[in-house]
Amino acid sequence: MAEEYQIGPDPSLLLVDDDEIFLTRLARAMEKRGFAVSRAGSVAEARALLAEKAPAFAVVDLRLEDGNGLDVVDAIRETRADARIVVLTGYGAIATAVAAVKMGATDYLSKPADADDVTRALLARGETLPPPPETPMSADRVRWEHIQRVYEQCDRNVSETARRLHMHRRTLQRILAKRSPR
C-alpha cells in the first residue's frame, strides 16, 4: 500500500526515461500518489516539455538514447532553480552520483527503484539522509553492473574491456555469459 505524501501546491512531475515500459509504470504509480505527470523518452522530448513548463519535480534516467540525463538536469535547473530532481540509473557509480548532485540533482537512485523510493527521494526535506533501500544491490550485482557498463563503453569489445578492467579475456567472457546476479 502506498504511503501518504505531502506534495505541495505544484504537483508537476517530469519523468524522463527511454525504457517505455518502466516510464509507463512509474507514471501511473506517481499519478496515484498525486503528481501531475509529464513523460519524455529522450533529451529532445524533455527539452521540448521544459520549454512549455518547468516542473516542480523531475525523475531523470542518466543514460538516454539521444544523450545524457545530466543535460536534462542542467536544463531543468536553468528553467526552475527550486525543482527537486532525482537521477535514476541502472549503472550506479560514485563518480556519476557526484556529477549529478553537483549539477543540481536532489538525489540519485539505482534501478530498480520502486515508486515509493522515488517519492521519498523527491519529497525528502532537510539534511537528514533517507533510510537505506529495503533491497540494496548485492556486491556481486554492483560488480556485474560495473563490468556491463565498461563493456558497453568499449562498444562490446571483449578484449578492450578485459584490458581496461585488468582481467583475463576468458574470465571476462565467462562473466558476460552468465545471467546478472540478484
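This passage describes the overall make-up, the salt bridges and one helix pair of a predicted model.

The chain contains eight helices and seven strands. Of its 182 residues, 45% are buried. The chain exposes about 10800 Å². Carbon and sulfur atoms supply 50% of that area. Contacts between residues at least 6 apart in sequence were also examined. Among these, 61% join residues at least 24 apart.

Eight salt bridges were counted. One of them joins the side chains of Asp82 and Arg80, with N to O at 2.9 Å. Asp82 is exposed, because its relative accessibility is 54% and the class begins over 50%.

A salt bridge also links Glu152 to Arg156. Here the closest N and O atoms lie 2.8 Å apart. The two partners fall into separate accessibility classes. Arg156 has a relative accessible area of 52%, so Arg156 is exposed. Glu152 has a relative accessible area of 26% and is therefore partly exposed, since this class runs between 20% and 50%.

Another salt bridge pairs Arg163 with Glu160. Their closest N and O atoms are 2.5 Å apart. Both residues belong to helix 7, which spans residues 158–165. They sit three residues apart, about one turn of the helix. Arg163 counts as exposed at 52% relative accessibility. Glu160, at 22%, counts as partly exposed. Elsewhere, salt bridges with shared partners connect Asp10, Lys53, Arg80 and Asp82 into one network. The bridge between Asp82 and Arg80 thus has both its residues in this network.

Helix 7 also meets helix 8, which covers residues 169–177. Two packed helices are described by the angle between their axes and the distance between the axes. For helix 7 and helix 8, the axes come within 9 Å. They cross at roughly 110 degrees. Angles of 65 to 115 degrees count as roughly perpendicular, so helix 7 and helix 8 are roughly perpendicular to each other.

Which residues of helix 7 and helix 8 meet? Helix 7 contributes Val158, Ser159, Thr161, Ala162 and Leu165. Helix 8 contributes Arg169, Leu172, Gln173 and Leu176. By class, this contact has five nonpolar, three polar and one charged residues.

Technical notes
Residues numbered from 1 in each chain as written. Predicted model: local features only at pLDDT ≥ 70, side-chain atom pairs only at ≥ 80, totals over all residues. Heavy atoms only, no water. Salt bridge = Lys/Arg side-chain N within 4 Å of Asp/Glu carboxyl O. Buried < 20%, exposed > 50% of the residue type's maximum accessible area, 1.4 Å probe, protein only. Helix = DSSP H or I, 4+ residues; strand = E, 2+ residues; numbered from the N terminus. Axes fitted to C-alpha atoms, helices over the stretch in contact; angles between N-to-C directions. Parallel < 35°, antiparallel > 145°, perpendicular 65-115°, else oblique. Contact = heavy atoms within 4.5 Å. Nonpolar A, V, L, I, M, F, W, Y, C, P; charged D, E, K, R; others polar. Areas by Shrake-Rupley, 256 points an atom, 1.4 Å probe, with all protein chains shown as cover.
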